[in-house]
Every structure is written in structure tokens, then in C-alpha cells.
Amino acid sequence: MPARYLCPHCRGNRTRFALIQSLSQQVEKDPRTGEILYAADEWTIEGANGRPSLEVRCLLCGFTGQEGLFIHAAARQPD
Ligand SMILES: [Zn+2]
């Protein structure tokens, strides 16, 4: 079952959000000049334990936080 969201900041938004995901790219830099000597071709999705770490932004008030904050707020405050 998909998780419901409620913004934990304004508490008035259950419908309009932006999902934010982090991407990482491995690079090797010259320690003196800062020049990038090598960059991996791929950008990979950052995550822990095989799960992508997702942040959520409330499109009403602009609050941004970990997805879990929105899920817990929705669970604590049923409509
Ligand atoms: Zn909000």
C-alpha cells in the first residue's frame, strides 16, 4: 500500500509535493589544482540499504525533509 503524506510543517497539505533524490558521481581530483582527473560515467542514486533516500518538499509552504517525516505526520494525524 502506498504511504500517505502530510506536511509536518504547515499540516495543511496532503496532495502537492516534489520528490527529491540525490545522485552521486565518483571523481578523482588533483589535490593542488582542484582539477578533476577522472570522473565516472555514471551518476548513481544515493541510498542506504539498497533503498533510495528520498526527500520531499511541500509545494504549499516549501518545507523540505526526509520522506519519513511526511509519512509519520500523516499517520499521526488521520483526516
Ligand atoms: Zn507544508
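**Entry 1: glutamate 67**

I looked up the contacts of glutamate 67 in this predicted model. Leaving out residues up to four places away in sequence, glutamate 67 touches Tyr5, Arg51, Leu54, Glu55 and Val56. I then checked where glutamate 67 lies, and found it in helix 1, which covers residues 67-76. Is glutamate 67 buried or exposed? Its relative accessible area is 17%, and because buried means under 20%, I recorded glutamate 67 as buried.

**Entry 2: valine 56 and the nonpolar core**

One of the contacts of glutamate 67 is Val56, and I followed that residue next. With residues up to four places away in sequence not counted, valine 56 touches Tyr5, Phe17, Ala18, Leu19, Phe63, Thr64, Gly65, Glu67 and Phe70. I asked which residues make up the largest nonpolar core. The core has 7 residues, namely Tyr5, Cys7, Phe17, Leu54, Val56, Cys58 and Phe70. Strand 8 supplies the largest share of this core, with 3 residues.

**Entry 3: the sheet and the helix**

I traced the strand order of the open sheet and read it as 1-8-9, a sheet of 3 strands with antiparallel pairing. Which strands stand at the edges of the sheet? They are strand 1 and strand 9; each has a single partner strand, so one side of each is left without a neighbour in the sheet. From one strand to the next, the twist averages 30°.

I examined the pairing of strand 8 with strand 9 and noted 3 bridges between these antiparallel strands. Within strand 9, glutamine 66 is the bridge partner of glutamate 55. I also checked how helix 1 is placed: it lies across strand 1, strand 8 and strand 9, and runs at about 90° to strand 9.

**Entry 4: the zinc ion**

I listed the donors of the zinc ion. The SG atoms of Cys7, Cys10, Cys58 and Cys61 coordinate the ion at 2.3 to 2.4 Å. What is the geometry of the site of the zinc ion? The angles among the 4 donor atoms are 107 to 115°, and the site is tetrahedral. I wrote the sequence spacing of the donor residues as C-x2-C-x47-C-x2-C.

Cysteine 10 and cysteine 61 form a pair that links distant parts of the chain, 51 residues apart. Cysteine 10 is in the segment before strand 1 (17-21), whereas cysteine 61 is in the loop between strand 8 (54-58) and strand 9 (64-66). I compared their accessibility with the class limits. Cysteine 10 has a relative accessible area of 33% and is partly exposed; cysteine 61, at 34%, also counts as partly exposed. Cys7 and Cys58, which are donors to the zinc ion, appear in the list of the largest nonpolar core as well.

**Entry 5: the hairpin of strands 3 and 4**

I turned to strand 3 (residues 27-29) and strand 4 (residues 36-39), which run antiparallel and are joined by 3 bridges. The bridge partner of valine 27 in strand 4 is alanine 39. The two strands form a hairpin with 6 residues between them. In the turn, I noted a positive phi of about 85° at glycine 34.

**Entry 6: glycine 47**

I located glycine 47 in strand 6, residues 47-48. Its relative accessibility is 46%, and glycine 47 counts as partly exposed. Apart from neighbours within four places in sequence, glycine 47 is in contact with Pro52 and Ser53. I last looked up its separation from histidine 72: the two residues are 25 residues apart in sequence and 20 Å apart in space, C-alpha to C-alpha.

Terms used: Residues are numbered from 1 along each chain as its sequence is written. This is a predicted model: local features need pLDDT of at least 70, side-chain atom pairs count only at pLDDT 80 or more; totals for chains, interfaces and linings use all residues. Side-chain values use heavy atoms; hydrogens and water are left out. Helices (H or I, at least four residues) and strands (E, at least two) are DSSP runs, numbered from the N terminus. Buried means under 20% relative accessible area, exposed over 50%, partly exposed in between (1.4 Å probe, protein chains only). Contact means heavy atoms within 4.5 Å. Donors are N, O and S atoms within 2.8 Å of the metal (3.2 Å for Na, K and Ca); water is not among the atoms, so sites may look incomplete. Four donors count as tetrahedral if all angles lie between 85 and 135 degrees; four count as square planar and six as octahedral if opposite donors are over 155 degrees apart and all others between 65 and 115; anything else is irregular. A nonpolar core is a set of buried Ala, Val, Leu, Ile, Met, Phe, Trp, Tyr and Cys residues joined through side-chain atoms within 4.5 Å. Two strands pair if DSSP finds at least two bridges between them. Axes are lines fitted to C-alpha atoms, for helices over the stretch in contact, and angles run from 0 to 180 degrees between N-to-C directions.
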